Amino acid sequence: MMKRILLIFSLLVLGAMSLRAQETEPLDSTLLGRNILSVIGSGVQIHQSPAIREAMAEYIRINANKPLTGYRIRVFYDNGPQARARSEVIEKTLQQQLKAPVYRSFESPNYKVTVGDFRTKDEALRIYNALKGTYPTAYIIKETINYPR
């Protein structure tokens, strides 16, 4: 009887120690925001059923028109006499500089220029940090975005 109690007690202690060890391990973020195919290398071949690619394409097609909440960077917001012309110039400049989509809109009486369709704030921060030198009044907004392609 004493051996069983000692065995149960030691198993509980070992279990508690392993839980504590798991809590203190740092999070491995080496793949955060990266495509797994870019990490595995060029010598690896992936064999998958064409049905998987078709299912993914169908999923994207179905969900492309659904509203999605995400983030954009508001680069320009003005209602002055030259606001329209300035918004057009900023839009064209950003389209040449960035791979992210650029949107220009008019909501009476303001012209707005926003950048990107970011699903997370971290994605938006990367572009924001690159833009804040050129556009010091830029800021990140939460908005309905287009489905990422």
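**Exercise 1. Name elements that cover the buried residues of helix 4 in this predicted model.**

Solution.
- The cover includes strand 1, strand 2 (102–107), strand 3 and helix 5.
- Beneath that cover, the buried residues of helix 4 are Ala83, Ser87, Ile90, Glu91 and Leu94.
- Viewed along the helix axis, these buried residues stay within an arc of 105 degrees, so they line one face.
- The face turned away from the buried side holds exposed Val89, Lys92 and Gln96.

**Exercise 2. Compare the span of helix 4 with the expected value.**

Solution.
- Helix 4 has 15 residues.
- At 1.5 Å a residue, 21 Å is expected.
- From first C-alpha to last, helix 4 reaches 21 Å, close to that expectation.

**Exercise 3. Describe the largest nonpolar core.**

Solution.
- Count its members: the core has 18 residues.
- Find those with the most contacts inside it: Ile73, Val75, Ile90, Leu94, Val115, Leu131 and Tyr135.
- Trace the suppliers: strand 1 (68–78), helix 4 (83–97), strand 3 (110–118) and helix 5 (121–131) each give at least two residues.
- Now take Ile73. Leaving out residues up to four places away in sequence, Ile73 touches residues including Val115, Ala124, Leu131 and Ile140.

**Exercise 4. Classify the aromatic pair of Phe106 and Tyr111.**

Solution.
- The ring centres lie 4.6 Å apart, and the planes make 45 degrees.
- Stacked needs under 30 degrees and edge-to-face over 60, so the rest count as tilted.
- The pair is therefore tilted.
- Check exposure: Phe106 is partly exposed at 48% relative accessible area, whereas Tyr111 is buried at 16%.

Note on methods
Residues are numbered from 1 along each chain as its sequence is written. This is a predicted model: local features need pLDDT of at least 70, side-chain atom pairs count only at pLDDT 80 or more; totals for chains, interfaces and linings use all residues. Side-chain values use heavy atoms; hydrogens and water are left out. Rings of Phe, Tyr and Trp (its six-membered ring) pair if their centres lie within 6.5 Å; planes under 30 degrees apart count as stacked, over 60 as edge-to-face and the rest as tilted. Buried means under 20% relative accessible area, exposed over 50%, partly exposed in between (1.4 Å probe, protein chains only). A nonpolar core is a set of buried Ala, Val, Leu, Ile, Met, Phe, Trp, Tyr and Cys residues joined through side-chain atoms within 4.5 Å. Helices (H or I, at least four residues) and strands (E, at least two) are DSSP runs, numbered from the N terminus. Contact means heavy atoms within 4.5 Å. The expected span of a helix is 1.5 Å times one less than its number of residues. The arc is that of the directions from the helix axis to the C-beta atoms.
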